[in-house]
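Work through the exercises below with the sequence and the 3D view open. Each task is followed by a solution in steps.

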Amino acid sequence: MHEELDAVTVEFDAEEGIGTLTLNRPDALNAMNGQMRADIETGLERLAERDAEEDGVAVRVVVIEGAGEKAFCAGADITGFSGVSPAAFDAHGMRDSVIEFPAPVVAKIEGYCLGGGLELALACDFRIASASSRLGFPEVELGLLPGAGGVQYVSRLAGPAFAKELAMTGEHVSAERAAEEGVINHVHDDEEFEEAVREFVETLAGKPPLAIRAIKDSGNVSVETDLREGRKYDRRVFSTLLETDDHEEGARAFAEDDYDPEFVGK
Ligand code: COA
């Protein structure tokens, strides 16, 4: 599947179960406008439709990347910024569609990842960056704060001191610094970046998809509820996973040494 929306390209490799959304405004460093926010939601809906058509699970992983090598996304589109109503910048719906998408979503960060672009990456389950990437919250220079929860989410990952430093100074930090602070999962040298991301994504795609989805939910529940509720949730889902064909398949592969399991999401 390959579909060009106005600001996002949607692709789906049915063989591997890997979907890709490419933010596609490279001349504006993939700056996020209303069209792009809408297209990200539409793109995820298109991928979810694939699941609905499949007996089992079709979409195992989604990658979000920026077109060109200069930027993942240089933040909200600041052309014609002033005098516009807050609704014009509301990225919460788009963020929620990423957080709530059933399969894991990987932000593949190459180049600038700023403002709303960093907030989009924070909505993803994983952030993998090339070594030369630069991250930051420049909103303060416009008299603003990151409007889609950026300070809140960096605080959860790295603590409020780093979140405040990023958002108050507006300075760009290296991928390496962001990784040290826990905001980035992995940093790879630019030359090895493509291959390293592919390997990570393929590894996830090869795992039992219902367990992967349950783990995504469990991680999300963990930041939204207390430990007691979270453990109850895990126990419930664990019982459901015990009933799946994929669990049986995994157990069989473990028992029979030379057998490669095939997980179908049932
Ligand atoms: N919104 C709209 N257009 C943007 C943009 C944004 N957030 N960020 C970059 N662009 C556009 C530039 O206007 C420029 O367009 P042009 O070629 O038509 O003039 C093009 O992308 C390339 O950007 P440029 O500034 O020339 O590249 P650079 O390498 O010199 O600098 C940045 C890169 C990211 C440091 C710089 O573009 C920048 O600071 N952008 C704004 C980031 C920002 O404040 N984002 C948060 C908004 S809340």
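## Exercise 1: One end of a sheet

Task: In which sense do strand β8 (residues 126-130) and β11 run, and how many bridges join them?

Solution. Strand β8 and β11 run parallel, and 3 bridges join them. To place one of these pairs in the view, start from Ile-128: its bridge partner in β11 is His-186. Bear in mind throughout that this is a predicted model.

## Exercise 2: The whole sheet

Task: Find the order of the strands in the open sheet that holds β8 and β11, and explain why β1 and β11 each have a side without a neighbour.

Solution.
Step 1. The sheet has 7 strands, and their order is β1-β2-β3-β4-β6-β8-β11. The pairing is mixed.
Step 2. The edges are taken by β1 (2-4) and β11 (186-188). Each has a single partner strand, so one of its sides has no neighbour in the sheet.
Step 3. Ignoring direction, neighbouring strands in this sheet are turned against each other by 15 degrees on average.

## Exercise 3: From β1 to β3

Task: Follow the chain from β1 through β2 to β3 and describe each pairing and each hairpin.

Solution.
Step 1. β1 pairs with strand β2 (residues 8-13) in the antiparallel sense, over 3 bridges. One bridge places Glu-4 opposite Thr-9 in β2. The hairpin that joins these two strands passes through 3 residues.
Step 2. β2 in turn pairs with strand β3 (residues 18-23), again antiparallel, over 6 bridges. Here Val-10 has Leu-21 of β3 as its bridge partner.
Step 3. Between β2 and β3 the hairpin has 4 residues, and Gly-17 in this hairpin takes a positive phi near 75 degrees.

## Exercise 4: The sheet of 4 strands

Task: Give the strand order of the open sheet that contains β5, name its edges, and find the helix α3 that packs on it.

Solution.
Step 1. The order is β5-β7-β9-β10, and the pairing of these 4 strands is mixed.
Step 2. The edge strands are β5 (71-73) and β10 (173-174), each of which pairs on one side only.
Step 3. Helix α3 (residues 116-123) packs on this sheet and touches β5, β7 (112-114) and β9. The direction of α3 makes about 85 degrees with that of β7.
Step 4. At the β10 end, strand β9 (residues 134-136) pairs with β10 in the antiparallel sense over 2 bridges. Arg-134 has Ser-174 in β10 as its bridge partner.

## Exercise 5: The ligand

Task: Which residues are closest to the ligand, and how much of its area does the protein cover?

Solution.
Step 1. The ligand is surrounded by 15 residues, of which the closest are Asp-27, Lys-70, Ala-74, Ala-76 and Ile-78.
Step 2. Sort the shell by character: 10 residues are nonpolar, 1 is polar and 4 are charged.
Step 3. Look at the polar atoms. An N or O atom in the side chain of Lys-70 is 2.9 Å from an oxygen atom of the ligand. From Asp-27, a backbone N or O atom lies 3.4 Å from a ligand oxygen atom. At Ile-78, a polar backbone atom is 2.9 Å from a nitrogen atom of the ligand.
Step 4. On its own, the ligand has 860 Å² of accessible area, and the protein covers 58% of this.

Key
Residues are numbered from 1 along each chain as its sequence is written. This is a predicted model: local features need pLDDT of at least 70, side-chain atom pairs count only at pLDDT 80 or more; totals for chains, interfaces and linings use all residues. Side-chain values use heavy atoms; hydrogens and water are left out. Two strands pair if DSSP finds at least two bridges between them. Contact means heavy atoms within 4.5 Å. Axes are lines fitted to C-alpha atoms, for helices over the stretch in contact, and angles run from 0 to 180 degrees between N-to-C directions. A residue is near a molecule or strand if one of its heavy atoms lies within 4 Å of it. A polar contact is a pair of N or O atoms within 3.5 Å; within protein, one must be able to donate a hydrogen and the other to accept it, and residues adjacent in sequence count only if both atoms are side-chain atoms. Accessible areas come from the Shrake-Rupley method with a 1.4 Å probe; for residues, only the protein chains shown count as cover. Ala, Val, Leu, Ile, Met, Phe, Trp, Tyr, Cys and Pro count as nonpolar, Asp, Glu, Lys and Arg as charged, and the others, Gly among them, as polar.
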